[in-house]
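Me: Could you walk me through reading a few features of a protein model? I would like the general idea each time, then the case at hand.

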Amino acid sequence: MECKDYLVSHKNFSIQQCEQCGFRLTNPRPDGSSIGFYYKSDQYVSHNDQSKGLINTAYRLVRNYTLRSKLKLIKELNGKEGKLLDIGCGTGAFLEICRNNNWTIAGMEPDPDARTIAEAKLQIAIKTEIGELAGTGPFNIITLWHVLEHIPDLNKTISQLYDLLDRNGTLLIAVPNSASYDAEYFNEYWAAYDVPRHLYHFVPTTIEALFKKHGFRLAGTQPMLFDAFYIAMLSTKYQTGKTDYVKSIRLGLASNSKAKQTGNSSSLIYLFNKV
């Protein structure tokens, strides 16, 4: 499949799939020295608290609800407040609500602009890479909210996460699901392909196999229901040049309805424990 970068470069990139295991990836993938260019957009909302436009305003309104949902989930998983690490913490919104609810927090964010905002907001040092976190664990909860698909060296990173996680802790990985109804409907216009910022495109079978290789077992999944609507809004814009809000709502409802039977939500939270 050929997909276009609608956000920054407007270049085309390929989505390729391994014939043996089904793993999907972007090709060509930018290297570490060039990837930063593809994030330089005021529309990249996770790196900017002030992005304009109706879609980004809706994103931030929904984010307030989803932050409370995420907090509720980690409390249920841990049974009490504990020590939490957020990888790819962006501007620090999730870390802020955790700290305000008595969690001990740590964060990592490679983007310098987002990291500056997070550090000013939280008044703590945010690490620039996972290697800098060595020796700071173990953490009861480690979260990656739509981050894993951006990380170049998956095997090295997952091994580092294993070392940082408490023996009885939980690793939460939220990623888009390229086997979802809305992904199949929009095809190359599906906004969650987000090439080339998304280096990989996970489905439940490939992400479970990847983490199993590194000593994790899948404890469960949870849907991210609002993602289907947000992704549909962007996808209709990419498809026709104009956001179709009515169609976006219809497609979001359809995707979530289909997912009740298949489990293939537009985005999924995967809960991993150590074997």
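Reply: Happily; let's start with a side-chain pair: His214 and Asn155 are joined through their side chains by a polar contact of 2.8 Å. A polar contact is a pair of N or O atoms within 3.5 Å; within protein, one must be able to donate a hydrogen and the other to accept it, and residues adjacent in sequence count only if both atoms are side-chain atoms. This is a predicted model, where local features need pLDDT of at least 70 and side-chain atom pairs count only at pLDDT 80 or more, while totals for chains, interfaces and linings use all residues. Residues are numbered from 1 along each chain as its sequence is written, and side-chain values use heavy atoms, with hydrogens and water left out.

Me: Where is His214 found, and is His214 buried or exposed?

Reply: Buried means under 20% relative accessible area, exposed over 50%, and partly exposed in between (1.4 Å probe, protein chains only). At a relative accessible area of 16%, His214 is buried. Its place is the loop between helix H6 (204–212) and strand S9 (216–223); helices (H or I, at least four residues) and strands (E, at least two) are DSSP runs, numbered from the N terminus.

Me: Which residues does His214 touch, not counting residues up to four places away in sequence?

Reply: Contact means heavy atoms within 4.5 Å. Leaving out residues up to four places away in sequence, His214 touches Asn155, Ile158, Ser159 and Tyr162.

Me: What about Thr104: which residues does it touch, by that way of counting?

Reply: Gly82, Lys83 and Leu84 are touched by Thr104, again not counting residues up to four places away in sequence. The C-alpha atoms of Thr104 and Gly82 are 6.2 Å apart, although 22 residues separate the two along the chain. Thr104 lies in strand S5 (residues 104–108) and is partly exposed, with a relative accessible area of 48%.

Me: How many disulfides does the count give?

Reply: A disulfide is a covalent bond between the sulfur atoms of two cysteines. The cut-off here is a pair of cysteine sulfur atoms within 2.5 Å, and the count comes to 0.

Me: Why is there no bond for Cys3 or Cys98?

Reply: Cys3 has no bond because its sulfur is 18 Å from the closest cysteine sulfur, in Cys18, which is too far. For Cys98, the closest cysteine sulfur is in Cys89, at 11 Å, also too far for a bond. Cys3 is buried, with a relative accessible area of 2%, and Cys98 counts as buried at 0%.
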